[in-house]
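Visitor: I am new to this structure and would love a close look at a single part of it. Could you pick one helix and its surroundings and walk me through them?

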Amino acid sequence: MVAAEHMARYLSLRKACKGKRVLDVACGEGYGSFLMKNWGASEVVGIDLSGHAIENACKRFSTPGVTFLVGDACRLDQVIPESEKFDLIVSFETLEHVPDVPALLRGLRTRVAPDGTIAISCPNDPEIAADHPNEFHLKTYSFEDFKNATTDILGPATQWQIGTPVIGFGVCDISDDWMREEERNFSRMLDGADSGSARFLPAQSSHAVNSKNAHFYMGVWGAPLPRSMAVAPISYRAYVGPWDNWMTARDKNEKLMEEVKLVRNQIASEQAEKLGLMREFDLMRDKIASETAAKIALTQEIDLVRNQIASVRNEKMDLAARYDEVNGLTKLIKADRDFLQSQIGAVRSSRAYRLIKYYYGVYDRPLVGLFLRPLRKVAGLIFRKLRR
């Protein structure tokens, strides 16, 4: 359907190009220039930077009134002087390829004739190349980017258009051989037939088209351009097949979503159960930790009591030893007491004890003491001298 995309752009110029001098900037292999000449343009000049493309254009689409030139779109003065003016200037899908967009646009502005028309298109790369960027595009343009880049040089546009794929039905003559064409040749898009009874229907449900999801944008400076459409026939099965597949996929998707919902609910239930088990585990762990701490405290108390019991036992053993020692001493003292008592009894029963006792009895008498005390002192003095 790439051919339909390219054809649709040029079809919008079918009436605008009649009797006009046209400049086709970045014409590629020239099919658009050729079509506009066939549609009634007085002269068409096609320019492209690729020498190979221009060579193919000259081979395939060279015809009186059509000129193909190798040239840089950003340096049009090197190919076409500013004095040359064109009634219609076309540059489709070019901005994203060139390094100097302002230079390109200034070149178009200076070469358009008074009351002339400029038509420029740009792909919606943010939508169509989001997952697969085009390596040949130097920059991607949103619709706002495209508007700002062009209006800064060309001024306000008279019309903004968007290009989008279409789907529908057509009624053709059963003898049309292009309906049975199976050759995949890009140039075959020039064949086919025009339809005078074409109509756009409102967008299907959930398939609204706007500048954000369109395939490309087109700006027009000058006379507004009509809607255009390029379609190619396909078999009914090829037409409904994707829809059948989509319906089947939708049904499967709904079933899968139900299964996913059930699985999610099951997962949520299991997660809730898991959370409950984790809370129970935390409580049990806290309980075990508390019991462990209590056990440790009890063990410490038991160890303390054991140490106290051991200390008491040691003290008891010390007391028993001391008791035995005291008991032994008591027995010795008793034996000594008994011995002393026996000695005292022997002394008391001796004659000397009786004499001494008699002496002290006499000594304590008043008259005898007065006589014996001096005599005792003299005897003691004599005794001390004798010891010396």
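Guide: Happy to! Let us start in the loop between β1 and α2, where A26 has its place. Please keep in mind that this is a predicted model. A26 has a positive phi of about 65° even though it is not a glycine. Most residues other than glycine have a negative phi. As for its surroundings, A26 is partly exposed, with a relative accessible area of 26%.

Follow the chain onward from this loop and you come to helix α2, which covers residues 31–38. This helix is the part I would like to show you closely. It is mostly covered, with 6 of its 8 residues buried. Those buried residues are Y31, G32, S33, F34, L35 and M36. What do they pack against? The partners of the buried residues of α2 are α1, β1 (21–25), β2 (43–48), α3 (51–61), β3 (66–70) and β4 (86–92). Both helices and strands are therefore on that list of partners.

Let us take one of these partners, α1, and look at how it sits against our helix. Two packed helices are described by the angle between their axes and the distance between the axes. For helix α1 (residues 2–11) and α2, the angle is about 40° and the axes are 10 Å apart. The two helices are therefore oblique to each other, and α1 passes α2 in a right-handed crossing. On the α1 side, the residues that take part are H6, M7 and Y10. On the α2 side, they meet Y31, G32, L35 and M36. Sorted by class, this contact has 5 nonpolar and 2 polar residues, and no charged ones. You may recognise Y31, G32, L35 and M36 from before, as they are among the buried residues of α2.

Now look at the other end of our helix. Just after α2 comes G40, which takes a positive phi of about 115°.

While we are here, α1 deserves another glance, for a residue from far along the chain also reaches it. A230 lies in the loop between β7 (216–221) and α7 (236–348). In sequence, A230 and R9 are 221 residues apart, yet their C-alpha atoms are 8.8 Å apart in space. Leaving aside residues up to four places away in sequence, A230 touches A4, M7, A8 and L11. One of these, M7, is also among the α1 residues that meet α2. Is A230 buried or exposed? With a relative accessible area of 17%, A230 is buried, because a residue under 20% counts as buried.

Contacts between residues far apart in sequence also show up in the figures for the protein chain. Among its contacts with a separation of 6 or more, 68% are between residues 24 or more positions apart. To place our helix in the whole, the protein chain has 9 helices and 7 strands. Of its 388 residues, 27% count as buried.

For a last comparison, turn to another pair of helices, α4 (residues 101–111) and α6 (residues 143–154), whose axes come within 9 Å and cross at roughly 45°. That makes α4 oblique to α6, and their crossing is right-handed. Here P102, L105, R106 and R109 in α4 meet A149, T150, I153 and L154 in α6. By class, this contact has 5 nonpolar, 1 polar and 2 charged residues, whereas the contact of α1 with α2 has no charged residues.

Methods. Residues numbered from 1 in each chain as written. Predicted model: local features only at pLDDT ≥ 70, side-chain atom pairs only at ≥ 80, totals over all residues. Heavy atoms only, no water. Axes fitted to C-alpha atoms, helices over the stretch in contact; angles between N-to-C directions. Helix = DSSP H or I, 4+ residues; strand = E, 2+ residues; numbered from the N terminus. Parallel < 35°, antiparallel > 145°, perpendicular 65-115°, else oblique. Left-handed = near helix turned anticlockwise from the far one by under 90°. Contact = heavy atoms within 4.5 Å. Nonpolar A, V, L, I, M, F, W, Y, C, P; charged D, E, K, R; others polar. Buried < 20%, exposed > 50% of the residue type's maximum accessible area, 1.4 Å probe, protein only.
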